[in-house]
Each structure stands twice: as structure tokens, then as C-alpha cells.
Amino acid sequence: MATRRSTNFVCSRCLGNGKAFFSTSGRARQQQQLKHELPPVGPPASGYARLTNRALIAIGGVDSTSFLQGMVTQNMLMGKDPVSAARRTGSYSAFLNSQGRVLHDVFIYPMTPTNTGVNVGAEDPLWLIEVDKAEVKNLMKHLKKHKLRAKLTLRALEDGERSVWAAWNEHAESRWAAYNLDSDFPSQVSPTSLVAGCIDTRAPAFGSRLLTPGDDDLLAHLPEGSCSSSSSSKFAGGEVDLETYTLRRMLHGVAEGQAEITRESALPMECNMDLTRAIDFRKGCYVGQELTIRTHHTGVVRKRILPVQLYHEGNQLSSSSSNETPVYDPQTAVSLPPGGANISKTGGRKGRSAGKFITGIGNVGLGMCRLEMMTDITLTGEGSQYVPSQEFKVSLDGEAAQQQSADGQEVRVKAFLPPWVREYIMAGIARRAPAPRPSEGYEGFRARDMVEQLEEEEAEAEERR
């Protein structure tokens, strides 16, 4: 079947504005879509991107660390009482509401007051919070609401004060939180440097997050030998645009910002924040902790954000050699469904929703997927509803449904379960399962052994400290 270049791509700038892409009709929608072009190829194995859709908030002062400790899912203190101290490295985290729903996904970086221009004492802690640019006002309002009498200063940084970068090199080994437990691993840059950064723990070898002063190119601030690894200052792919970075995120199943992690709706573990170590389940109280910790210990996470492949009915589905990740093909013509559209089984009765489509680029995207319907994972003893031959479609409403009917092209969706997500889920199932009798066979022994090995490594790491 002949294919053509698809123009149904929504750029990340429009995603950040939260616009409804299927609210316009006919020719107007086509003209809007023609303004954008798909990345001609997939993301390079090495490169870096300026993240213009992210912004920074500075929070400093005597009480800033303890304030954040009671507000975010991440542990801002390292070590054990009474010798705990503020963590020395940046980390991925989230702000939740009192019902345990995600308000903002963030990165938090420790800084020194001497190199930021924020008016706090020379010995006072200072942090930079990286957040979705469209959510700066909402986060500032949330922080001020809980500030009360805490001795701290809040300020939203202006455009151009600092630049946010994502950098990666898949040819270099990268430490990942899920395999390094809670170790406060060394920062890639010196604490006194004008550059701040941390390892991006949302997927294995996903790269680094870096903050640089001003709006100069990233490499101008990373001369040879400035980082802990000489390879980290060389990105063979060079600088790529924001859309290419967004495509790379989707191929890894990583959601970012409130256009993808719906504010006051998504649960942190449905957004994979547990397996990326954005949540410390052993820390003290914080806003939204009660539901989060209860779900971790007694509940089952039935839905998770996964990478998905889009294709039309009758078209051959692109496949990778590993069959564990979707394949980006800019030549495949697929109509991009609207965010929030229901995913359901094809054929017969519509039945129970299998998930929701979040967003996409070309023929790949992200979806909130029911694991026991769209993947071969079995979470409980109730049995799985997964059928390998079963296909799923995006169910549209209103004008979008009429347009689909006129085109005669039904958008199909296939979910992929990345291996690191599968391993984490299987380890959790093994941990919750009752110990088998000696006479019984048990498939989860290998997964349970992995959990025990991780616990042993954690104990050894604690002794070395």
C-alpha cells in the first residue's frame, strides 16, 4: 500500500499551550497541520536539545530544604538522622495534591547562592525547580499557599537567565536509579560550577539534564574534562530541535509536562514515577503521601503510561528487532488522534476502556494503558484479559469521529512494554506473592532473587558510607 508523508504532527510548542487540536474543522485544521513537519529521521544516539518548554523557579533560605521535604515525593535529605544533610545532586520528583494526584513533574537541582543572583545568605541552601513552562504561575501559587512562616525566598527566573538542556550519549554507560538504589551518586559537574545538572533517571541511559547560565550553546559551558566523563562533553549528534527530543521521549515511554501528565488527574505510579525513583517510600510526611504509600504497599497499579505505535486498519505494523519499542517511520501516514481519546478493543462490542491516548508524533506516541488488557502482564491471580491477536483502536467522538468516518481510516494502537518497566513490575509481583511451598514450582523465583540482590547491594552501599 502506498504511503505518503504525514503532516498530522503536533509540535511541542502547541502541546505546551494545551490547545485542542481537533476543535477546528476541515480546511482550517489542514492548514494548521501543514505548519508543522515531522522530524525526517529518528533521534540520534548522541546529541543535546535546548528545552524551551521548561522554566525555572528559585527557592532559597534557611527553611527551603525542610519546606521542599514536606512538599515533594523525592527525599531532599541524605543519610540517617541525626546526621542527615541536604542531598548534593539533582533529582526527578513531583508535587502532589492532598488526594495524591500529580500537580507538577519537576527536576530539583541544588545550587550555591554565589552563582545564581538570588538574595539569600551565603550559607543558606538554594534550589532550582525545573517545571513545565506553562505551569510556572500555578506552581508559584502552590508554593506560596504552603509557605506560611517558613524563612525562604521564591522567584521565577526570567527567560534567558538560564537555559535547560537534555543531553545524551547512548554509546556511553549511564547509571540509572532503579539499578543504583538510593545512592547519592556524584554530580557530573563541580558544585561550584556555573553549570548544574543531574542524571535523567526516567529510563536507562536516557541521558542528563543540564542548566547553563544565559542562552549560549551548551558546549560553550562544557569544555573538555569539565564533566566526570570525557565522553559526556561530546555529543556526536550535535544539537537537535525540541521536536526531536520529544520524539525520543515518546520512544522511551517518558511523559513530561502537564499536557501529558494531566494536572490533578494522573497518579504518580501510573506515570512510572515509582520505577524512576522519583518517589522515596521511606521518607516522612509530604503532601499526598497517604494514598501514594498505601497504593505502594497494598494496591496494584493497573494502568501505566507506555509507548504506543499508531497504524491504520489493514496496514502492516512496523516492528523492531527486539519487538520491545515502537518504530518511528516519518513516511507512514497516520491521522493523529486527539489527546484523551479512549482506546478500546476492535470488533464486536466496545466493552471496557483499555486506556487513553495521550499524544504522539507521526506514527508513535504515549498512552495510558491497562496492563492486563494491552500487554501480557498478569498482575493478580484473577487472570489476564490479554489476547495476542487482539487489536485496539482509538475511539473518537463528535467532529473527529465524523472526519474518521469520512476518511474510512480507523486508527489502531499497539502498546509496548519496555524491558525495564517489565522487570520492575515482575519484581513487585514477586515481592508481594506469598512464599511457595517447597513442592511447588514457582516462576517468580528469578524475579524475587533479583529483588533480594538489590537489597543486598543496598546494604553493602550503606556500609561503605
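Which residue in E11 does Cys198 stand opposite? Keep that in mind as you go through these notes on a predicted model.

1. Let's settle the opener: Cys198 faces Arg209, which belongs to E11. The two strands here, E10 and E11 (residues 208–213), run antiparallel and are joined by four bridges.

2. Now zoom out to the sheet. It is an open one made of five strands, and reading across you get E10-E11-E9-E1-E12, with mixed pairing. E10 (196–199) and E12 (239–240) sit at the edges with a single partner strand each, so one side of each has no neighbour in the sheet.

3. Next, look for the helix lying across this sheet. H6 (residues 242–252) crosses E1 (46–50), E9 (162–169), E11 and E12. Its direction makes an angle of about 50 degrees with E9.

4. Gly238 is worth a click. You'll find Gly238 in the loop between E11 and E12. Its relative accessibility is 21%, and buried means under 20%, so Gly238 counts as partly exposed. Along the sequence, Gly238 and Ser46 are 192 residues apart, yet their C-alpha atoms are 7.4 Å apart in space. Leaving out residues up to four places away in sequence, Gly238 touches Ser46, Gly47 and Tyr48.

5. Finally, try a quick check on helix H10 (residues 419–432). With 14 residues at 1.5 Å a residue, H10 should span 20 Å, and the C-alpha atoms at its ends are indeed 20 Å apart, so the two agree. Several H10 residues are buried, among them Trp420, Val421, Ile425 and Ile429. An α-helix has 3.6 residues a turn, so residues three or four places apart point the same way.

Conventions:
Residues numbered from 1 in each chain as written. Predicted model: local features only at pLDDT ≥ 70, side-chain atom pairs only at ≥ 80, totals over all residues. Heavy atoms only, no water. Expected span 1.5 Å × (residues − 1). Buried < 20%, exposed > 50% of the residue type's maximum accessible area, 1.4 Å probe, protein only. Pairing = 2+ DSSP bridges. Contact = heavy atoms within 4.5 Å. Axes fitted to C-alpha atoms, helices over the stretch in contact; angles between N-to-C directions.
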